[in-house]
Structures are given as C-alpha cells and as structure tokens.
Amino acid sequence: MRFSRFAIFSFLFVLLQSAVFGQVRSPLESLSIAPNYESHRISSYDRNGYNADWISIEPGETRVLAEIDGPGAITHFWNTISAEPYYSRMLIMRFYWDGQAMPSVEVPLGDFFGVGHGLNIPFHSFVMDNSSEGRARNCYWYMPFKKSAKVTVTHEGFNKVRSFYYYIDYRSFKTIPDDSLYFHAQYRQAVPNPAVDIKGKNIDGKTNYLLMETTGRGQYVGTIQSVQINQDGWYGEGDDMFFVDGAETPTMTGTGTEDYFNDAWGFRPFDYLYHGVTLWEGYKKGNRGTAYKWHIFDPVAFTKSLRATIEHGHANDRQDDFYTVAFWYQTLPSPEPPAMPNVMNRLPDEGQLYAERTLIGKEITTHLQEKRLDAALARVQEVIDTAERADEYGYWSLRKGFLLKQTGKLAEAKKAFDAALEKSQKEDKYSEWDAGSIHWTAERECPVLADKKKARLYAFGDDTYEIFLDGKSIGQGGGGDQIGDFEIALSRGKHTLAVKAVNRSGAAGLAIQLSHIRGYELTDETWKVSETEAPKWNEKKFNASAWKNAAPSGTLGEAPWNSMRQPFAFLAPILTAKAIWTPDGAKDNQTVYFRKEFQVK
C-alpha cells in the first residue's frame with residue numbers, strides 16, 4: 001500500500017506529540033475547540049461584483065494590499081501573478097507592524113516564498129508551498145500584531161504587472177499575549193560574495209556572509225539561500241555560525257552548507273516539510289540553486305541580540321553570488337534593513353540579459369516609429385556583436401531577420417532566420433530564454449523565404465475580426481491579448497487584403513502583418529477604412545477612393561496593447577505593424593472595415 005507524503009508526515013507528527021507530551025493527540029484536535037477570534041480576509045476580488053478579481057501594478061508603483069487594525073494575526077497569504085519574466089525578483093513585499101515606519105519584512109516576493117533567481121518552481125513545505133508550476137504561492141507563517149498591520153508590494157520592474165491576485169487571511173482578537181513576538185524576514189545579497197584568504201582557518205566568523213543581525217528578544221526560525229556559482233565546483237563547504245547575545249565567537253557552529261540545510265554530500269532537488277532544495281542545476285559555473293531550512297523544532301533563541309552567518313566555501317575561500325532571506329520573531333522595534341539593491345543587481349545573469357533586451361527593445365521601437373529602419377538594424381547588430389550570451393538562443397538573430405526582410409535584404413534575412421532556428425533548439429528548462437517562442441516564430445518565417453507561394457499572416461484585433469484575401473475569408477480571431485497566426489497561399493500579382501473588425505467597448509485597434517517571399521505588408525496610415533459596409537467591399541475590383549485613411553492607434557507591446565499571454569508577449573515587440581483604427585475614433589459596439597491593395601512581384 002502506498003501512502004501520501006502528507007499522510008506519513010501527519011502520522012509522524014502524532015507520534016512526536018506522543019513522545020513529547022506523553023499522550024496521543026490528533027493534529028485536528030484544535031478544530032474542535034471553540035475559537036476566541038474572528039476570521040477575516042482581504043483579497044483582490046472585484047469590488048464591482050464582476051470577475052476582474054485582480055489588481056494591476058505599474059512600474060515604480062507601490063500598492064497597499066492590506067491595512068488591518070489590531071489586535072490580530074495574519075495566518076495565510078496566497079498570490080498568483082501574471083507579469084513579465086523574473087517578476088518575482090522585481091516585486092518587493094513589505095510588512096509593517098504596529099505603525100512602525102520601518103518594515104519588519106522587506107523581501108523580493110519570489111525569494112520570500114522559497115524560490116530564488118526570479119523563477120517559478122513548485123515545491124511543498126510546512127510553512128511555504130508553491131503549486132501551479134510555481135505560480136501559486138502560499139505562506140502559513142503566523143504573524144501576530146497588537147495595534148496594526150500593513151502589507152505593501154512595490155513593482156521595480158520594466159512592464160506593467162497585468163494581474164496580481166491575492167488573499168490575506170487573518171484573525172482578530174480582543175487581546176493577544178503581552179509577550180507575543182513579531183514576524184520578521186530580511187533579504188540580503190552579495191554579488192559576488194568576495195573570497196578572502198585567511199589561511200583556511202576561521203574561528204571568529206568575521207568574514208562570513210551575514211544572514212541577519214538584530215537586537216532584542218526572539219528566536220530565529222528559517223533561512224532561504226539562493227546561489228549562482230561563479231566557478232566550477234561545490235560551494236557548500238561553508239559552515240553556519242550563530243552568535244547569540246553579543247558572543248564574540250560562535251555560540252553554534254555547523255559542519256557545512258548542505259549539513260545546515262539538513263541534507264548531505266552536496267545538493268539535489270527535493271522538498272520536505274522542514275528543509276529542501278527547490279532549485280539545483282549542478283556544480284558548473286553559472287549553475288544556480290535555492291535551499292531552505294525551517295527551524296520549527298530547533299529555533300535559535302536570543303534574549304539581547306543575534307548575528308546569523310554562514311561561510312561561503314570553507315573559510316570563505318569562494319566567490320559566488322549569494323541571495324538570502326532570514327526569518328525570525330522578535331520584540332519591536334525592528335532593525336533597520338540593509339538598503340535594497342537595485343533591480344538590475346538583484347536579477348541573475350539571465351534576468352539581466354532579459355532586462356537589457358527589454359530596454360533595447362524599447363529603443364528599437366522608437367526607431368521604427370520614426371521610420372529609422374537602418375538605425376534599428378544597426379542597434380540589433382551592435383547587441384549581437386558586443387553583448388556576451390545575448391544571442392545564445394537566437395532572439396536577436398530573429399529580430400535581425402524581421403528587420404532585414406522589411407528593408408528588402410532577403411538573402412541576409414534568411415540567414416538570420418536560419419540562425420535563430422538553429423540556436424533556439426537548445427534546452428531551455430525554465431523558458432527563461434524564450435527558446436520555444438523563438439523556434440516557433442523562426443519555423444514560420446523560414447519556409448516563407450524558401451517557398452514562392454507560402455505566406456504567414458499575424459493578426460491582432462481588440463475584439464473580433466475576420467480577414468479576407470481577394471474576397472475569400474482566410475480566418476477569424478480576436479481578443480485584446482491574443483495574436484492570430486494563419487498560413488495562406490499567396491501567388492505573384494495584385495491582391496487585396498481586407499478586414500472586418502468589431503469593437504465592443506473602450507479602445508480599439510487592428511494590426512496585420514503579412515509575411516511573404518518578397519517582404520511584409522503592414523497595417524499603417526495607408527490602409528483605407530470605412531465605418532459603413534458596402535457591397536463587395538472586400539473584393540479586388542471595389543473602388544475605395546472615397547474611404548478615409550486609417551489612423552495610428554498605438555504600438556503592439558505598449559499600453560493599451562500589452563499582455564503577458566503567449567505568444568502575444570513574445571511576438572508583440574517583434575512585429576512592426578502599427579495598430580490602426582478609424583480617424584473618427586473608437587465607439588462602443590462599432591464595426592469598422594479595412595482594406596489594402598498590394599502586389600507581390
């Protein structure tokens with residue numbers, strides 16, 4: 001018979017209680033005792049009663065998630081987020097107790113919930129767990145307060161957080177014990193953690209990596225350590241050292257990093273109730289890992305002060321990147337946290353390449369908006385030539401191919417697309433490099449330059465649309481965060497591309513990019529538009545001379561045409577077609593007709 005992990009741990013928990021208290025008690029026994037509290041929740045639910053149960057956060061914006069009067073205790077915090085890659089290192093969570101100006105918790109969201117490096121990885125533990133491929137995060141630390149609690153999140157990334165869903169469950173009491181301690185969590189990093197030469201002997205721990213330092217009374221309850229390895233080999237010969245109540249030499253000393261995290265003989269991925277390794281890539285330069293240890297049954301008590309440290313390599317002889325979160329309870333006031341490193345310094349190497357790609361992409365968008373195709377192409381080539389690893393998976397080759405094709409350099413464009421196709425075949429375990437999307441797009445563009453009749457059509461419509469080629473329908477689609485992809489046959493000669501677009505409410509836009517062997521046909525101000533349907537309006541022989549010229553309606557990838565939905569989030573910045581609409585502006589329940597005559601030579 002097979003038992004679930006939870007069942008086994010529950011059974012062990014009952015046995016532990018029996019050993020400690022001399023009697024067997026059910027873990028569910030407390031549920032039969034009348035509560036002395038009221039249950040409450042603050043969440044992101046739609047206050048208007050609809051289904052928009054999220055908040056959005058602009059770059060640089062701080063949102064207050066909860067403000068609660070005490071006495072009380074937060075018991076559960078859940079969230080799931082739709083945002084740009086590495087968002088969990090870009091979003092900073094802060095908790096304030098009893099009106100303090102100083103946050104008692106100040107940690108990047110992902111690191112707080114047990115996974116570093118801005119990644120989404122599922123795992124299960126006693127006080128934290130992540131499900132839905134790591135995208136649904138739960139925290140069960142008990143967080144009491146006497147007067148008030150305030151929870152905020154600050155977005156330090158580059159693109160709007162489209163959807164931040166959350167629950168904060170809490171209890172309100174009439175009173176809480178006078179000796180209740182306050183929950184704390186503090187983020188630190190050393191990038192890199194500098195190696196020192198102390199001749200292999202470390203007695204006082206003065207050059208150790210500092211996990212946290214505080215004064216007051218309390219107990220240390222957990223550590224999350226994320227590391228990026230900067231040289232081949234095992235980084236974990238570092239001992240943990242705790243200095244309690246002003247001790248000059250360690251009060252408690254461990255025997256190695258994996259030993260402190262209750263593992264042995266190096267690391268490998270696993271997740272147990274009180275310790276685990278949520279991420280482990282190996283022992284080579286550039287590999288990353290994250291480990292956690294909860295001191296549930298072995299908290300480190302202090303009455304005056306605590307300094308928690310860990311070596312980086314034996315006697316601090318290694319230089320790797322360290323990112324840590326320390327968890328503890330203590331009396332107020334809270335210690336002042338170290339200055340939060342800026343977002344670029346917090347991101348791992350891959351994250352920094354993503355950030356640079358985002359910023360350079362905005363430069364290229366400006367060049368395209370101002371019709372400086374050569375400048376955009378030169379900027380892409382500069383990145384390929386100078387930025388190490390930037391084109392490792394073919395992203396910039398793909399962008400180069402689109403720009404070369406638009407400027408009529410078809411042979412060079414094919415070489416660029418072929419390079420993108422080849423490079424994007426590499427394994428991309430956490431989808432950090434967009435290898436799948438690069439490969440998917442290159443697979444669509446390469447055949448078009450090799451087949452005289454094959455063409456691809458990318459389409460965006462704010463609501464719904466139907467596309468016609470020479471009077472025949474070739475596809476339908478729509479939705480403000482989706483890009484349609486259609487394969488069509490396109491012979492040489494004159495053609496008419498026509499679109500019926502519906503706008504139900506709010507902003508409206510249409511973007512079409514038709515890719516064929518000679519280049520692209522793009523929506524822009526030369527497209528004709530009418531708000532009145534006419535007989536045979538979508539056919540070649542129709543006379544559209546009385547129709548108006550379309551008006552620009554924004555750029556894909558920027559507000560309001562931005563989304564984290566794939567392939568939209570990937571394709572939108574790459575496509576060069578403008579979003580267009582009628583010059584008379586958008587109206588609710590409006591149908592608009594577009595057409596463009598073009599020739600394939």
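Begin with the whole chain in view: among its contacts with a separation of 6 or more, 75% are between residues 24 or more positions apart. Bear in mind throughout the tour that this is a predicted model.

Still with everything displayed, colour by secondary structure, and you can follow 11 helices and 35 strands along the chain. If you orient the view along the principal axes, the C-alpha atoms fill a box of roughly 90 × 60 × 55 Å. Switch next to a surface representation, where the accessible area comes to about 27200 Å², with 50% of that area belonging to carbon and sulfur atoms, while buried residues make up 53% of the 601 residues. Then select the charged side chains, of which 68 are positive and 76 negative, and note that the centres of these two sets lie 7 Å apart.

Now zoom in on Arg318, which you will find in the loop between β22 (305–310) and β23 (321–330). Is Arg318 buried or exposed? Arg318 counts as buried because its relative accessibility is 7%, and the cut-off for that class is under 20%.

Show the side chain of Arg318 together with that of Asp320, and you will see a polar contact of 2.7 Å joining the two. Add the backbone of Asp232 to the selection, since its oxygen lies 3.5 Å from a polar atom of the Arg318 side chain.

Finally, display the residues that Arg318 touches, leaving aside those up to four places away in sequence: these are Asn193, Pro194 and Ala195, then Ile229, followed by Gln231, Asp232, Gly233, Trp234 and Tyr235, and lastly His312 and Gly313.

Terms used. Residues numbered from 1 in each chain as written. Predicted model: local features only at pLDDT ≥ 70, side-chain atom pairs only at ≥ 80, totals over all residues. Heavy atoms only, no water. Helix = DSSP H or I, 4+ residues; strand = E, 2+ residues; numbered from the N terminus. Buried < 20%, exposed > 50% of the residue type's maximum accessible area, 1.4 Å probe, protein only. Polar contact = N/O pair within 3.5 Å; in protein donor to acceptor, adjacent residues only side chain to side chain. Contact = heavy atoms within 4.5 Å. Areas by Shrake-Rupley, 256 points an atom, 1.4 Å probe, with all protein chains shown as cover. Lys, Arg positive; Asp, Glu negative; His and termini not counted. Charge placed at Lys NZ, Arg CZ, Asp CG, Glu CD.
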